[in-house]
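User: Could you take a close look at one part of this model for me, the sheets and what packs around them? I'd like one connected walk-through rather than a list.

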Amino acid sequence: MNLESATASGGAVELVWSDGARRRLHPLWLRDNVPDVRHPQTNQRVRRVLDLPDECAVVAAALTGEGLTINWADGAAATFDLRWLAEHARPAPARTRRTW
């Protein structure tokens, strides 16, 4: 499924997928998963979550040709690959409840 829209709302990001699925992403989760703060070979984080700013509200979110670009209140910005978001940020499919 494709990402239809992304909106900064209440400091977080609201995503809407082409199948109607919605997901609200917490700004701290986004900031902790910024792609360029990972080691290129090991994919290990090179920054601790404790090193993130106390206030990391999202002030803007936009779909671009490169992916989803996020701007935070402290002036930082990052672009997330849409395939990565589809793998990590899409809502889990509803599970069918088994009644025995």
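Analyst: Let's settle one term before anything else: a residue is called buried if its relative accessible area is under 20%, exposed if over 50%, and partly exposed in between. Keep in mind, too, that this is a predicted model.

With that cut-off in hand, start at Pro27, which sits in helix 1. Its relative accessibility is 11%, so Pro27 counts as buried. What does Pro27 touch, once neighbours within four places in sequence are set aside? The contacts are Gly11, Ala12, Cys56, Ala57, Val58 and Trp72. Glu55 is 28 residues away from Pro27 in sequence, with 9.2 Å between the two C-alpha atoms.

Now zoom out for the layout. The protein chain has two helices and six strands, and from the N terminus the elements go β-β-β-α-β-β-β-α. Buried residues account for 31% of the 100 residues in the chain. If you take contacts between residues at least 6 apart in sequence, 39% of them join residues at least 24 apart.

On to the sheet built from strands 1, 2 and 3. Those strands make an open sheet in the order 1-2-3, with antiparallel pairing. Strand 1 (3–9) and strand 3 (22–25) are at the edges with a single partner strand each, so one side of each has no neighbour in the sheet. From one strand to the next, the twist averages 20°.

Here's how that sheet is stitched together. Strand 1 and strand 2 run antiparallel and are joined by six bridges; in one of these pairings, Ala6 has Leu15 in strand 2 as its bridge partner. The two strands form a hairpin with two residues between them, and Gly10 in the turn has a positive phi of about 60°. Strand 2 (residues 12–17) is then joined to strand 3 by four bridges, again antiparallel. Val13 has Leu25 in strand 3 as its bridge partner.

The other sheet is made of strands 4, 5 and 6. Three strands form an open sheet here as well, in the order 4-5-6 and with antiparallel pairing. Which strands stand at the edges? They are strand 4 (58–63) and strand 6 (77–80), each with a single partner strand, so one side of each is left without a neighbour in the sheet. The twist in this sheet averages 20° from one strand to the next. Five bridges hold strand 4 to strand 5 (residues 68–72), and the two run antiparallel. Leu63 is opposite Leu68 in strand 5.

Two residues help to flesh this sheet out. Take Val59, which belongs to strand 4. Is Val59 buried or exposed? Its relative accessibility is 54%, so Val59 counts as exposed. Aside from neighbours within four places in sequence, Val59 contacts Ala8, Asn71, Trp72 and Ala73. Ile70 lies eleven residues from Val59 in sequence, and their C-alpha atoms are 7.8 Å apart.

Then there's Thr69, in strand 5. Its side chain makes a polar contact with the side chain of Thr79, at 3.0 Å. Beyond neighbours within four places in sequence, Thr69 also has Ala60, Ala61, Ala62, Thr64 and Ala78 among its contacts. As background, side chains in a regular strand alternate between the two faces of the sheet.

Trp72 has already come up in the contact lists of Pro27 and Val59, and there's a charge to add to that picture. Arg31 lies over the face of Trp72, 4.9 Å from the ring centre. Arg31 is also one of the residues touched by Arg47, along with Val34, Val37 and Leu52, not counting residues up to four places away in sequence. Where is Arg47? It's in the loop between helix 1 (27–32) and strand 4. With a relative accessible area of 26%, Arg47 is partly exposed. Its C-alpha atom is separated by 8.3 Å from that of Asp32, 15 residues away along the chain.

Last, the aromatics. The structure holds two aromatic pairs. Ring pairs link Trp29, Phe80 and Trp84 into a cluster. If you want to describe such pairs further, the quantities to look at are the distance of the centres and the angle of the planes.

Terms used: Residues numbered from 1 in each chain as written. Predicted model: local features only at pLDDT ≥ 70, side-chain atom pairs only at ≥ 80, totals over all residues. Heavy atoms only, no water. Pairing = 2+ DSSP bridges. Axes fitted to C-alpha atoms, helices over the stretch in contact; angles between N-to-C directions. Phe/Tyr/Trp six-rings, centres within 6.5 Å; stacked < 30°, edge-to-face > 60°. Lys NZ or Arg CZ within 6 Å of the ring centre and 35° of its normal. Polar contact = N/O pair within 3.5 Å; in protein donor to acceptor, adjacent residues only side chain to side chain. Contact = heavy atoms within 4.5 Å. Buried < 20%, exposed > 50% of the residue type's maximum accessible area, 1.4 Å probe, protein only.
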